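Good morning, colleagues. I should like to take a few minutes to go through some local features of the structure on the next slide.

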Amino acid sequence: MASIDVLYSCSSCHNKFKYDELSHGQQLCKSCRRKFPLVQCSYCRLDFHQLDSTSNDLVCDQCEKELELHGPPSNCSICNLPSAFKGTICIRCLHAQKKYGNPVNCEHCKLKCAFHKSTEAKKKVNGKTLCLLCTLNYKKTLFKRTNDSRHKDKHVSVSKRAKLDVTSFSSATSSSSSSSVPLYNPVSSVTRMETMDPLASGLVQQNEKLQNEITSMKKQISLKDQQLLEKDKMICSLKADNLEREKDHRFKIQSLQKQHGDSVSVLKVEIQSLKKQLSHQTTTKQKIKAPTHISSSLLS
């Protein structure tokens, strides 16, 4: 009995597709993924397709649900992203901590927000232990470089094809001239060369133009890579400064809380001692008043 493939509907156009042809999170087909822009969530920093073009809030579906349930999030104590809707740790870091253990230092940003994952997952990032943001930046940079290399290879193949056309044209002209030696006609040969020379010069000019474009694109790629590297360094330094400031702020809060607790305990001890003194004074006054009252009653 032949197996029937189960089809699933796209969440935007509602057409039926195979499960592998739809996106993982939003269940969008390929045409809808091209139609809607790819943006980054302002909370979890994951990319998603913005279906509502009128909305200015860059929030994915999962974070929007958590925002409705728990309100505005706080910064996660591990990844430092504003995605901790419930508690001090976000859902992603909580699941990773249960699965992989305690966090370790990232090999790129040097912050303690990465996890020791499996070897299959590390192969996707060149065998390194990276945090979420560094993993996303690495994958985006790798995807951009592969696209640029494909574009560059396409230009190189076009230039090689132009070279082959020029060489084949020169060999064809030489063979035709050699074959036409017995039947030499000066008028026809002159007209033939006049028609062929512009074509050859045009191919050579096109080849030079393509080579100049390739060199300029290589320079632009190297410049963009340098700019991305400088931006990554700046982001890492800002993250480190922010982490140090948060640590200092937490230490100050803890010290102030400790001082407040010590002062409250000292005041409580003083209040207890004053209460004891007051009770002692009241008992002594009552003892002094009692015998005087008895003596006055006897005299009367």
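Leaving aside its neighbours within four places in sequence, which residues is S83 in contact with? Please bear in mind that this is a predicted model. With those neighbours set aside, the contacts of S83 are Y43, C44, P73, S74, C90 and R92. As for its place in the chain, S83 sits in the loop that runs between α2, residues 61-70, and α3, residues 91-100. Is S83 buried or exposed? Its relative accessible area is 7%; the cut-off for buried is under 20%, and S83 therefore counts as buried.

I turn now to C76. The loop between α2 and α3 also holds C76. With a relative accessible area of 3%, C76 is buried. If residues up to four places away in sequence are not counted, C76 touches L81, A84, T88, I89, C90 and C93. C90 thus appears in the list for C76, and C90 is likewise one of the contacts of S83. One distance may be added here: between the C-alpha atoms of C76 and R92 there are 9.9 Å, with the two residues 16 apart along the chain.

Finally, the surface. Which residues make the nonpolar surface patch of about 320 Å²? They are V6, Y8 and Y19. Of these, Y19 belongs to the loop between β2, residues 16-17, and α1, residues 30-35. The relative accessibility of Y19 is 45%. Partly exposed covers the range between 20% and 50%, so Y19 is classed as partly exposed.

Conventions. Residues numbered from 1 in each chain as written. Predicted model: local features only at pLDDT ≥ 70, side-chain atom pairs only at ≥ 80, totals over all residues. Heavy atoms only, no water. Helix = DSSP H or I, 4+ residues; strand = E, 2+ residues; numbered from the N terminus. Buried < 20%, exposed > 50% of the residue type's maximum accessible area, 1.4 Å probe, protein only. Contact = heavy atoms within 4.5 Å. Patch = residues over 30% accessible without salt bridge, like charges linked within 9 Å, V, L, I, M, F, W, Y side chains within 5 Å. Areas by Shrake-Rupley, 256 points an atom, 1.4 Å probe, with all protein chains shown as cover. Salt bridge = Lys/Arg side-chain N within 4 Å of Asp/Glu carboxyl O.
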